[in-house]
Every structure is written in structure tokens, then in C-alpha cells.
Amino acid sequence: FNKVKGFYILNNQIYLVTTNGYLLIFDYNSGTLLSADPIVKSKILVAPIIVDGFMYILDSKNRVTKLN
């Protein structure tokens with residue numbers, strides 16, 4: 001999955017965003033991997049930001065992806 005670009009703990013889950021565009025979600029208590037999904041096709045160069053419950057991701061082609 002490459003390098004971690006963002007690390008967040010929300011709603012008893014750990015969210016990791018990787019530089020190659022994957023979102024990994026782990027259970028906070030058990031560490032179990034709940035999902036590993038590609039979210040963007042281009043590389044992620046900066047850490048995503050979370051605002052009002054949404055995650056915003058800027059990719060290497062200057063596109064912003066909004067996730068709920």
C-alpha cells in the first residue's frame with residue numbers, strides 16, 4: 001500500500017490514507033482490517049483534511065475528492 005499520508009481516529013475506527021490512493025480502515029479495539037479500498041487513481045501528495053465530517057483529498061493531478 002506504499003507510505004501512509006494521513007492517520008485519523010474517528011468513531012472507534014482508524015483511517016489510514018496511503019500515497020498511492022488507498023483508504024485503509026481498521027477497528028480501533030481489535031486492530032482488524034475492515035476495508036482497503038482505492039479512493040483516487042493518482043498519488044496523494046499531502047495529508048487529507050477532515051472538515052464537518054467529510055474527508056478532502058488532493059491528488060497529484062490537483063483534483064479534490066470528497067469522502068463521507
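**Buried, exposed and in between**

Modeller: Let's start with I9, which lies in strand β1 (residues 4-10); strands are DSSP runs of E with at least two residues, numbered from the N terminus. This is a predicted model, where local features need pLDDT of at least 70, side-chain atom pairs count only at pLDDT 80 or more, and totals for chains, interfaces and linings use all residues. Residues are numbered from 1 along each chain as its sequence is written, and side-chain values use heavy atoms, leaving out hydrogens and water.

Colleague: Why is I9 called partly exposed?

Modeller: Buried means under 20% relative accessible area, exposed means over 50%, and partly exposed is in between (1.4 Å probe, protein chains only). I9 has 46%, so I9 is partly exposed.

Colleague: And T19, in the loop between β2 (13-18) and β3 (22-27): what makes T19 count as buried?

Modeller: Its relative accessibility is 13%, which is under 20%, so T19 counts as buried. Leaving aside neighbours within four places in sequence, T19 is in contact (heavy atoms within 4.5 Å) with N2, K3, K5, S42, K43 and I44.

Colleague: How do you know that N11 is exposed?

Modeller: N11 has 71% relative accessibility, and that is over 50%, so N11 counts as exposed. N11 sits in the loop between β1 and β2, and has a positive phi of about 50° although it is not a glycine.

Colleague: What makes N62 exposed?

Modeller: The relative accessible area of N62 is 64%, over the 50% mark, so N62 is exposed too. You can find N62 in the loop between β6 (54-58) and β7 (64-67).

Notes. Helix = DSSP H or I, 4+ residues; strand = E, 2+ residues; numbered from the N terminus.
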